[in-house]
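Work through the exercises below with the sequence and the model open beside you. Each task is followed by a solution that goes step by step.

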Amino acid sequence: IRVDRSASVGRAAATADILARGRKSIAVDLKNPEGVEVTLKLIEGTDVLIEGFRPGVTERLGLGPDVCLARNEGLIYGRMTGWGQTGTMAPVAGHDINYIALSGALHAIGPAGENPVPPLNLVGDFGGGGLLLAFGIVAALHERNSSGKGQVIDAAMTDGSAILMNAIFGIMNRGGWSDNRGTNLLDGGSHFYNTYETADGKWISVGSIEPQFYALLLEKSGLGESGGLPDQMSREDWPVLKEKLTAIFKSKTRDEWDEIMLGSDICYAPVLTFEEARSDPHNVERSTFVE
């Protein structure tokens with residue numbers, strides 16, 4: 001049950017909000033002691049509470065962790081913020097783009113020599129924030145089976161996006177990642193892990209990292225026909241090979257490349273629009289998108 005502001009009473013439901021689909025809500029004035037008591041009554045029979053206020057707000061409202069856990073000792077109290085409950089940035093406003101900027105994630109995303117590019121709001125809000133909060137809540141529910149006690153889960157989008165970067169940090173620590181954006185294996189620097197425009201102005205993706213997959217890419221694209229190619233991992237040759245693949249992929253439409261590559265072990269997929277993704281046969285078979 002979502003607790004909405006009392007001003008929401010009488011407003012039409014946001015039918016286009018997919019994240020609110022199937023979610024019940026109640027409008028409560030949390031600045032009124034009666035409204036706080038109504039909320040605490042709900043909490044008494046609740047397994048999980050999630051709040052997304054700035055640090056200290058629920059405490060001032062009378063709905064902080066201590067108060068809520070006193071009413072329900074098995075409660076899992078999830079706290080979702082951008083910066084965290086503590087730290088020099090904790091009290092100030094921010095959005096996904098700011099949180100992933102501070103964790104280093106944003107710096108790594110974008111073309112060489114150009115601005116960092118925000119990956120929608122997927123890395124901070126949903127990946128580093130929502131999914132890690134959900135993981136922490138599930139772990140706390142599992143622990144409660146043994147202890148019978150609830151606990152507080154403090155999830156911060158900055159921390160979470162830093163955790164999601166662990167694999168990249170590991171490559172960096174081994175000397176395999178450059179701070180120069182767009183020059184690395186996974187950030188668009190390589191010719192075999194990239195996107196390419198096709199003759200009809202559409203796009204395709206290739207991710208042929210492993211040698212056997214790369215061999216297929218060379219074969220199916222025709223890049224390998226001339227022979228004498230440098231080693232796949234020769235970084236200084238990546239820009240030239242990228243130019244060659246750019247010209248090759250521009251010679252056929254996306255549908256033509258689908259005929260050649262889709263379903264093979266090249267690690268290939270067309271870059272679909274939102275509407276195209278809804279009707280893609282694989283997504284339809286798996287009911288990835290539903291009405």
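**Exercise 1. Locate Ile204 in this predicted model, and decide whether Ile204 is buried or exposed.**

Solution. Begin with the secondary structure: Ile204 belongs to strand 7, which covers residues 203-207. Next, consider the accessibility: the relative accessible area of Ile204 is 0%, and because buried means under 20%, Ile204 counts as buried. Then look for what surrounds this residue: once neighbours within four places in sequence are set aside, the contacts of Ile204 include Asn194, Thr195, Tyr196 and Thr198, and also Phe249, Arg254 and Tyr268. One of these partners can be followed along the chain, since Phe249 is 45 residues away from Ile204 in sequence, with 8.5 Å between the two C-alpha atoms.

**Exercise 2. Determine which residues of helix 8 are buried, and where they lie around the helix axis.**

Solution. Within helix 8, which runs over residues 211-221, the buried positions are Phe213, Tyr214, Leu217, Leu218 and Ser221. Viewed down the helix axis, these positions fall within an arc of 145°, and therefore they line one face of helix 8. The face turned away from that buried side carries Pro211 and Glu219, both of which are exposed. As for the cover, the elements that lie over the buried residues of helix 8 include strand 7, helix 9 (238-249) and helix 10 (254-261). Finally, just after helix 8 the chain reaches Gly222, where phi is positive, at about 90°.

**Exercise 3. Identify the residues with the most contacts inside the largest nonpolar core, and name the helix that gives the most to this core.**

Solution. The largest nonpolar core consists of 18 residues, and those with the most contacts inside it are Val206, Leu217, Leu245, Phe249, Met261 and Tyr268. Tracing the core back to secondary structure, strand 7, helix 8, helix 9 and helix 10 are found to supply at least two residues each. Helix 9 gives the most, with five residues. Such a grouping can be read against a general tendency: in soluble globular proteins, nonpolar side chains tend to be buried together. Tyr268 can then be examined by itself: apart from neighbours within four places in sequence, this residue is in contact with Ile204, Ser205, Val206, Arg254, Trp257, Asp258, Met261 and Leu262.

**Exercise 4. Work out how strand 4 is paired, and how far its two faces are covered.**

Solution. Take the pairing with strand 3 (residues 48-51), which is parallel and extends over four bridges; within it, Ile50 stands opposite Gly78, and Glu51 has Arg79 as its bridge partner. Turn then to strand 5 (residues 151-156), which also runs parallel to strand 4 and is joined to it by six bridges, with Ala155 as the bridge partner of Met80.

For the faces, it helps to recall that in a regular strand the side chains alternate between the two faces of the sheet. On one side of strand 4 lie Ile76, Gly78 and Met80, on the other Tyr77, Arg79 and Thr81, and all of these are buried. Since six of the six residues in strand 4 are buried, this strand is largely enclosed by the rest of the structure. Strand 3, by contrast, has a covered face formed by Leu49 and Glu51 and an uncovered face formed by Val48 and Ile50.

**Exercise 5. Leu120 and Cys267 have a positive phi; establish where each of them lies.**

Solution. As background, most residues other than glycine have a negative phi. Leu120, although not a glycine, has a positive phi of about 50°, and this residue sits in the loop between helix 4 (96-103) and helix 5 (122-147). With a relative accessible area of 60%, Leu120 is exposed. Cys267, likewise not a glycine, has a positive phi of about 75° and is placed in the loop between helix 10 and strand 8 (268-271). Its relative accessibility of 34% makes Cys267 partly exposed.

**Exercise 6. Decide whether the protein chain is compact or spread out.**

Solution. The chain contains twelve helices and eight strands. Its radius of gyration is 25 Å, well over the 19 Å that the globule rule gives for 291 residues, so the chain is more spread out than a compact globule. Along the principal axes, the C-alpha trace spans about 80 × 45 × 40 Å. The domain assignment gives domain 1 (31-164) and domain 2 (193-286), with 39 Å between their centres.

Terms used: Residues numbered from 1 in each chain as written. Predicted model: local features only at pLDDT ≥ 70, side-chain atom pairs only at ≥ 80, totals over all residues. Heavy atoms only, no water. Domains from an automatic or database assignment. Buried < 20%, exposed > 50% of the residue type's maximum accessible area, 1.4 Å probe, protein only. Contact = heavy atoms within 4.5 Å. Pairing = 2+ DSSP bridges. Arc of directions from axis to C-beta. Core = buried A, V, L, I, M, F, W, Y, C linked by side-chain atoms within 4.5 Å. Rg over C-alpha atoms; globule rule 2.2 N^0.38 Å.
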